[in-house]
Amino acid sequence: MSNHHNSICPGIIKTEIWMKYLRQIIPGDASKQDVFFNQFCEDHIPLARPQETEDIANGVLFLVSDLAKNITGQALNVCGGMHMD
């Protein structure tokens, strides 16, 4: 197997880091934190949803598979269209 120098650029995933941030700006009410997170995703992601860990894993599986054997030096945005460059 040859070395492939590719990367995955994940979009917004609901992680503990996000929730910690939301608890700081919207203290106390978890339902308001969820509403803010979902609205943020709808407003900033063309597919209007956060990415899930499975979305990122699928990108990784593709890049390590034989389907990507001639792909190198690429950054794969798995972000629902948030970053289109």
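Colleague: What pattern does the chain follow, read along the sequence?

Modeller: In this predicted model, the chain follows the pattern β-α-α-α-β. That corresponds to three helices and two strands.

Colleague: What makes the chain more spread out than a compact globule?

Modeller: The globule rule gives 12 Å for 85 residues, and the radius of gyration of the chain is 16 Å, well over that value, so the chain is more spread out than a compact globule. The C-alpha trace spans about 50 × 20 × 15 Å along its principal axes.

Colleague: How many of the residues count as buried?

Modeller: Of the 85 residues, 24% count as buried. The accessible surface of the chain comes to about 6,100 Å², and 58% of that surface belongs to carbon and sulfur atoms.

Colleague: Why is Gly11 called buried or exposed?

Modeller: Buried means under 20% relative accessible area. Gly11 has 19% relative accessibility, so Gly11 counts as buried. Gly11 is found in the loop between strand 1 (7-10) and helix 1 (16-25).

Colleague: And Gln51, why is that residue called buried or exposed?

Modeller: The cut-off is again under 20%. Gln51 is at 4% relative accessibility and therefore counts as buried. Its place is the loop between helix 2 (30-44) and helix 3 (53-64).

Colleague: How do you know that Gln51 and Gly11 are in contact?

Modeller: Contact means heavy atoms within 4.5 Å. With neighbours within four places in sequence left aside, Gly11 is in contact with Gln51, Val78 and Cys79. Under that exclusion, the residues in contact with Gln51 include Gly11, Val78 and Cys79, and also Ile45 and Gly80.

Colleague: What separates the C-alpha atoms of Gly11 and Ile45?

Modeller: The two C-alpha atoms are separated by 8.7 Å, and the residues are 34 apart along the chain.

Colleague: What makes the approach of the Gln51 side chain to the backbone oxygen of Arg49 a polar contact?

Modeller: A polar contact needs a pair of N or O atoms within 3.5 Å, one able to donate a hydrogen and the other to accept it. The side chain of Gln51 reaches the backbone oxygen of Arg49 at 3.3 Å, so the distance meets the cut-off.

Colleague: Across the chain, which share of contacts joins residues at least 24 apart?

Modeller: Among contacts between residues at least 6 apart in sequence, 62% join residues at least 24 apart.

Colleague: How many charges does the chain have, and where do their mean positions lie?

Modeller: There are 6 positive and 10 negative charges, and their mean positions are 5 Å apart.

Terms used: Residues numbered from 1 in each chain as written. Predicted model: local features only at pLDDT ≥ 70, side-chain atom pairs only at ≥ 80, totals over all residues. Heavy atoms only, no water. Helix = DSSP H or I, 4+ residues; strand = E, 2+ residues; numbered from the N terminus. Rg over C-alpha atoms; globule rule 2.2 N^0.38 Å. Buried < 20%, exposed > 50% of the residue type's maximum accessible area, 1.4 Å probe, protein only. Areas by Shrake-Rupley, 256 points an atom, 1.4 Å probe, with all protein chains shown as cover. Lys, Arg positive; Asp, Glu negative; His and termini not counted. Charge placed at Lys NZ, Arg CZ, Asp CG, Glu CD.
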